[in-house]
Amino acid sequence: VASGSHTVALSGVATNCTVSGGASRTVTVPSGGTVSTTFAVSCSPATAAALVFTMQPSNARAGSWIEPAVQVRAVDAQGNPATFSGLVTIAIGHNGGLLAPGTLSGTRTVSAVNGIATFGDLSIDQIGNGYTLRVTASGLAGAESASFNVSF
């Protein structure tokens, strides 16, 4: 960069963040030298808009816990982690029961902690293919899991 006065701009700042003093600075570069500048960025927690699965359900045995634990996270409208401490409920989305419809057992409503809800004791009683789980929370868009199978 040639010596002289230059404008440096900070771009791509998340919508829930602000830059103290604005997102551009004027710096003077000396001949043969370098210069640095700083930006102070502060962010407030993003507003939760939806739920996403961060740990999808895996194939399981009928009546046994789905392991590892199924986990969902609250995210903002841009998909960034968001603060949320409400109740999250999980249910069977698509019932893949082969002989009879499966029933989901375990703790099906949990409180999110730091935007994360973990369901650690879920099981389905009937064998089947293509089961999905659906999560919902008041005020947030729900989500459907990837499909999984339950065997003997």
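In the predicted model, strands β6 and β16 pair in the parallel sense, and two bridges connect them. Within this pairing, Ala60 has Val150 of β16 as its bridge partner. The two strands belong to an open sheet of three strands, arranged in the order β6-β16-β13 with mixed pairing. The edges are occupied by β6 (60-61) and β13 (128-131); each has a single partner strand, so one side of each is left without a neighbour in the sheet.

The loop between β6 and β7 contains Pro68. The peptide bond that joins Glu67 and Pro68 is cis, with omega at about -5°.

A second pairing involves β14 and β15, which run antiparallel and are joined by three bridges. One of the bridge partners in β15 is Glu144, which is paired with Arg134. The two strands form a hairpin with two residues between them. In the turn, Gly139 has a positive phi of about 85°. A positive phi is also found for Asn114, a residue other than glycine, where the value is near 55°. Asn114 is located in the loop between β10 (109-111) and β11. Its relative accessible area is 67%, above the 50% cut-off, so Asn114 is classed as exposed.

Strands of the hairpin also contribute to the largest nonpolar core, together with other elements. This core has 28 residues, of which Val88, Phe119 and Val135 touch the most other members. Two or more residues each are supplied by β5 (50-55), β7 (70-75), β8 (87-92), β11 (116-119), β14 (133-137), β15 (140-144) and β16 (148-151). Among these elements, β14 and β15 are the hairpin strands, while β16 is part of the three-stranded open sheet. In soluble globular proteins, nonpolar side chains tend to be buried together.

The surroundings of Val135 were examined with neighbours within four places in sequence left aside. On this basis, Val135 is in contact with Leu51, Phe53, Val72, Val88, Thr89, Ile90, Phe119, Gly142 and Ala143. The list includes Val88 and Phe119, which are named with Val135 as the core residues that touch the most other members.

Ser123, in strand β12 (residues 123-124), has a relative accessible area of 10% and is buried. With residues up to four places away in sequence not counted, Ser123 touches Gly63, Ser64, Trp65, Thr103, Leu104 and Ser105.

The disulfide count is one. The bond joins Cys17 to Cys43, with an S to S distance of 1.9 Å. The pair links distant parts of the chain, 26 residues apart: Cys17 is in strand β2 (residues 17-20) and Cys43 is in strand β4 (residues 40-43). The torsion about the S-S bond is about 105°, so the disulfide is right-handed. The two cysteines fall into separate accessibility classes: Cys17 is buried, with a relative accessible area of 15%, whereas Cys43 is partly exposed, at 48%.

Thr15 is situated in the loop between β1 (4-9) and β2. The relative accessibility of Thr15 is 69%, so this residue counts as exposed. Thr15 and Val27 are twelve residues apart in sequence, and their C-alpha atoms are 26 Å apart in space.

For the protein as a whole, the secondary structure comprises 16 strands and zero helices. The C-alpha atoms fill a box of roughly 80 × 30 × 20 Å along the principal axes. The radius of gyration is 24 Å, whereas a compact globule of 152 residues would have a value near 15 Å. Buried residues make up 30% of the 152 residues. The exposed area is about 8,400 Å², of which 52% is supplied by carbon and sulfur atoms. Among contacts with a separation of 6 or more, 58% are accounted for by residues 24 or more positions apart.

How values were computed. Residues are numbered from 1 along each chain as its sequence is written. This is a predicted model: local features need pLDDT of at least 70, side-chain atom pairs count only at pLDDT 80 or more; totals for chains, interfaces and linings use all residues. Side-chain values use heavy atoms; hydrogens and water are left out. A disulfide is a pair of cysteine sulfur atoms within 2.5 Å. Helices (H or I, at least four residues) and strands (E, at least two) are DSSP runs, numbered from the N terminus. Buried means under 20% relative accessible area, exposed over 50%, partly exposed in between (1.4 Å probe, protein chains only). A nonpolar core is a set of buried Ala, Val, Leu, Ile, Met, Phe, Trp, Tyr and Cys residues joined through side-chain atoms within 4.5 Å. Contact means heavy atoms within 4.5 Å. The radius of gyration is taken over C-alpha atoms; the globule rule is 2.2 Å times the number of residues to the power 0.38. Accessible areas come from the Shrake-Rupley method with a 1.4 Å probe; for residues, only the protein chains shown count as cover. Two strands pair if DSSP finds at least two bridges between them.
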